[in-house]
Amino acid sequence: MSFELAQIGLVHANGQRALRAVTLAAARGERLAIIGPSGAGKSSLLRILATSLRPTEGRVSVLERNPWQLPGAELKRLRSRIGVVHQAPPLPPRQRAITAVIAGRLGQWPWWKSALSLLYPADIAGPREQLARLDLADRLFERCDQLSGGQLQRVGVARVLYQRPELLLADEPVSAMDPALADLTVSQLHSEAAARGVTLVASLHVVDIALRWFPRVIGLKAGEIVFDLPAARVSDSVLRSLYASETGTLPTQDNQPLDIAPAAPSEPTARKIIPPPRVI
Amino acid sequence: MPRSTTQQALRDPDARARATWALAAVVLLWPLLLVAQFRPADLFDARNLKVIGGFLGQFFPPNLNGEFLGLALKATVETLAMATAGIALAMVLAAPLGLALSHSLSISRIGPGPGRALGEALRALTRLALLALRGIPEIVWALLLVRAFGLGPAAGVLAIAVTYGGMLGKVYSEILESGDTRPARVLLESGSGRLMAFFYGLLPGSAQELASYTVYRWECAVRASVIMGFVGAGGLGQLMDQSMKMLNGGEVSTILIIFLLLVLLADAISSAVRRTLA
């Protein structure tokens with residue numbers, strides 16, 4: 001098992017409940033998308049998997065360990081095996097892209113190697129290769145404040161690819177990118193997960209990317225899991241009820257209409273399967 | 001009495017608190033000014049103006065003869081050496097304490113995880129240590145250290161190192177908490193150590209502030225070394241002490257001009273450093 005959440009509940013310090021009785025598990029190598037309206041608890045769920053939030057209730061097991069029963073040094077080692085792509089890339093504006101990517105290995109490198117790397121990068125080919133996968137190789141030595149929002153987000157993805165984690169988490173990884181780049185980035189996350197057989201969990205606010213790329217889709221609403229289905233069985237009516245309170249149209253890239261068969265009156269029909277683009 | 005929602009929406013709900021705090025500040029400040037015998041009118045009293053004028057008159061013209069300038073130059077170098085060595089030692093003392101104190105580099109805060117109580121205890125201890133270092137005025141440290149090291153700059157250097165180490169440590173930790181701390185936190189969340197989270201996550205964003213505060217403290221150390229000089233730690237202070245005792249206003253004003261030039265130099269260094277790190 002890559003991770004197991006049992007009856008997870010989370011109440012923030014201000015008393016607001018973010019998650020309620022969430023039970024979710026994934027085997028090694030699975031690829032899951034979490035979708036749902038904003039404020040549904042997608043980020044909280046990912047942060048619990050990333051061991052950066054401790055749930056108020058329930059049991060967590062990540063990469064076969066219970067993070068909150070580990071001593072400090074082992075928790076640190078566990079965290080270095082988990083990679084997180086953040087929606088707003090947390091990169092210092094004055095840092096160069098190469099340094100930002102190298103920082104992905106800080107948890108694995110001995111401290112002296114990381115320290116020397118500030119004077120002269122300990123690895124140039126590695127970060128360059130990861131940036132090249134995301135079409136950013138020419139920005140290797142540029143400072144983060146010279147990059148656009150979408151480029152920054154890709155530097156954040158490159159850092160996690162360079163980290164080579166055993167559990168790959170992505171919180172809205174393509175929110176600042178145009179559809180073509182979003183597809184490229186998601187395809188790279190998938191090929192990385194497939195090539196190394198690691199688990200990928202991504203939260204997405206656009207439904208079409210989730211359905212096109214992820215074999216398993218989880219619907220989250222008001223802190224609870226409302227469905228956990230293979231992508232092929234996610235029907236229009238399931239989606240409509242997930243986004244019931246929103247504007248009426250489903251959130252997609254560029255607001256293109258979603259290619260899903262309307263639900264039959266009795267039983268929801270399977271939606272038309274769109275084959276995912278070939279993984280590069 | 002219930003108010004309509006439109007009425008409520010048109011009124012700033014925080015206005016009363018703001019007015020109360022402003023009033024409280026004035027009410028507190030007034031008796032303090034009385035205690036401090038703050039009477040600005042005295043400054044413009046004819047008799048006082050004459051006394052002040054007479055005192056200032058002694059300072060002119062500045063003494064610019066070669067022999068004294070040579071002495072002053074030697075004392076300036078001594079003062080700069082004292083201030084620079086003092087600040088360098090202060091940084092060595094302040095950097096680890098500042099990093100230890102800063103909450104933005106706390107691993108046990110994430111979760112919170114293991115070692116939370118120990119971490120907070122260490123942080124409280126560090127806070128206490130910094131308080132003790134900077135709570136005692138540098139002149140007291142100097143008087144104490146002169147007894148151990150004898151007359152001369154060594155006591156001044158250590159006095160500056162100790163007091164300014166305390167100040168730098170406190171302000172370093174505050175600078176590290178006031179900027180964008182997310183980059184460091186995210187690194188800690190992916191298993192990085194504290195020191196590397198600082199170098200890769202916090203330093204790029206706070207280097208400018210850290211450097212310019214350190215240069216400002218260097219400037220303060222130059223001035224502080226005067227007072228050290230009065231208790232026998234050498235440098236411009238000692239020279240000034242001798243000139244004052246001999247009632248030689250011209251020499252004192254030369255030394256004061258040197259001070260203004262040194263502050264100007266500190267300013268130039270500070271803005272150059274900020275430009276480099278921008």
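Leaving aside its neighbours within four places in sequence, which residues is B:I160 in contact with? I shall answer that for what is a predicted model, and then turn to the cores and to chain B as a whole.

Beyond those sequence neighbours, B:I160 is in contact with B:A83, B:G86, B:I87 and B:A90, and also with B:E138, B:A221 and B:A224. A separate, second core, of nine residues, has B:A72, B:A75, B:I255 and B:I258 among its members.

B:I160 also belongs to the largest nonpolar core, which has 126 residues. Together with A:V155, A:L169 and A:A210, B:I160 is among the residues with the most contacts inside that core. Where does this core lie with respect to the domains of chain A? Domain 1, comprising 1-81 + 173-280, and domain 2, comprising 83-164, both give residues to the core, so it lies between them. As general background, nonpolar side chains tend to be buried together in soluble globular proteins.

Let me now consider the fold of chain B. The chain contains eleven helices and zero strands, and its pattern along the sequence reads α-α-α-α-α-α-α-α-α-α-α. Its radius of gyration is 25 Å, whereas the globule rule gives 19 Å for 278 residues; the value is well over that figure, and chain B is therefore more spread out than a compact globule. The C-alpha trace of chain B spans about 75 × 55 × 40 Å along its principal axes.

Two further values complete the description of this chain. Of the 278 residues of chain B, 37% count as buried. Among contacts in chain B with a separation of 6 or more, 75% are accounted for by residues 24 or more positions apart.

How values were computed
Residues are numbered from 1 along each chain as its sequence is written. Chains are lettered from A and ligands numbered from 1 in the order in which they are written. This is a predicted model: local features need pLDDT of at least 70, side-chain atom pairs count only at pLDDT 80 or more; totals for chains, interfaces and linings use all residues. A nonpolar core is a set of buried Ala, Val, Leu, Ile, Met, Phe, Trp, Tyr and Cys residues joined through C-beta atoms within 7 Å. A residue is buried if 20 or more other C-beta atoms lie within 10 Å of its own, exposed if 12 or fewer, and partly exposed in between; C-beta atoms are placed from the backbone. Domain bounds come from an automatic or database domain assignment. Two residues are in contact if their C-beta atoms, placed from the backbone, lie within 7 Å. Helices (H or I, at least four residues) and strands (E, at least two) are DSSP runs, numbered from the N terminus. The radius of gyration is taken over C-alpha atoms; the globule rule is 2.2 Å times the number of residues to the power 0.38.
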